[in-house]
Amino acid sequence: MKVNPKICPFCKKENLCEAHIVNNNCWCNTIEIPKELRTLIPKELQMKACICKNCILAFKENKDKFIKELATI
Ligand SMILES: [Zn+2]
């Protein structure tokens, strides 16, 4: 499987992450990503693809719903 670092591992949409750009001002530098959410990323994508903002906010808002929806994909 080819890893696209610009695609969110959860919703498969563009994560808009700029962390790969020098002197970036990416939102992911300032947002706190829950440890539990990181562990939900498939192993082959961990530390490779960023999670998008929508998924982080959805997880923080309603963790159980997020996990349930993840299982239906
Ligand atoms: Zn996402």
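This briefing describes the fold, the core and a few individual residues of one protein model. The model is predicted, and its average pLDDT is 88, with 97% of the residues scoring at least 70. The protein has 3 helices and 0 strands, and from the N terminus on its elements run in the order α-α-α.

**Overall shape and confidence**

- The C-alpha atoms of the protein fill a box of roughly 35 × 30 × 20 Å when the box is taken along the principal axes.
- The radius of gyration of the protein is 12 Å, which agrees with the value near 11 Å that a compact globule of 73 residues would have.
- Buried residues make up 16% of the 73 residues in the protein.
- If one looks at contacts between residues at least 6 apart in sequence, 64% of them join residues that are at least 24 apart.
- Confidence is highest in α2, at a mean of 94, and lowest in α3, where the mean is 92.

**Helix α2 and its two sides**

- Helix α2 covers residues 53-61, and its buried residues are C55, I56 and F59.
- These buried residues lie on the same side of α2, because they cover an arc of only 100 degrees around the axis.
- The face of α2 that is turned away from this buried side carries the exposed residues L57 and E61.
- What covers the buried residues of α2 includes α1 and also α3, the helix of residues 63-72.

**The nonpolar core**

- The largest nonpolar core has 10 residues, and C55, I56 and F59 of the second helix are among them.
- The other members of this core are C8, F10, C17, A49, C50, I51 and C52.
- I51, one of the core residues, touches C8, P9, F10, N15, I33, L37 and I56 when residues up to four places away in sequence are not counted.

**L37 in helix α1**

- L37 is found in helix α1, which is made of residues 35-39.
- Leaving aside neighbours within four places in sequence, L37 is in contact with I51, I56 and F59, and these three residues are listed in the largest nonpolar core.
- L37 itself is partly exposed, because 18 other C-beta atoms lie within 10 Å, whereas a buried residue needs 20 or more.
- L37 and F66 are 29 residues apart in sequence, and their C-alpha atoms are 9.7 Å apart in space.

**Residues in the segment before α1**

- I21 lies in the segment before α1, and I21 is exposed because it has 9 other C-beta atoms within 10 Å.
- I21 and T39 are 18 residues apart in sequence, and the distance between them in space is 25 Å, C-alpha to C-alpha.
- K12 also lies in the segment before α1, and its phi is near 65 degrees, a positive value in a residue other than glycine.
- K12 counts as exposed because it has 12 C-beta neighbours inside 10 Å, and a residue is exposed if that number is 12 or fewer.
- L16 is found in the segment before α1 as well, and although L16 is not a glycine, it has a positive phi of about 55 degrees.
- L16 is partly exposed, because 14 other C-beta atoms lie within 10 Å.

Notes: Residues numbered from 1 in each chain as written. Predicted model: local features only at pLDDT ≥ 70, side-chain atom pairs only at ≥ 80, totals over all residues. Helix = DSSP H or I, 4+ residues; strand = E, 2+ residues; numbered from the N terminus. Contact = placed C-beta atoms within 7 Å. Arc of directions from axis to C-beta. Core = buried A, V, L, I, M, F, W, Y, C linked by C-beta atoms within 7 Å. Rg over C-alpha atoms; globule rule 2.2 N^0.38 Å. pLDDT = per-residue confidence, 0-100.
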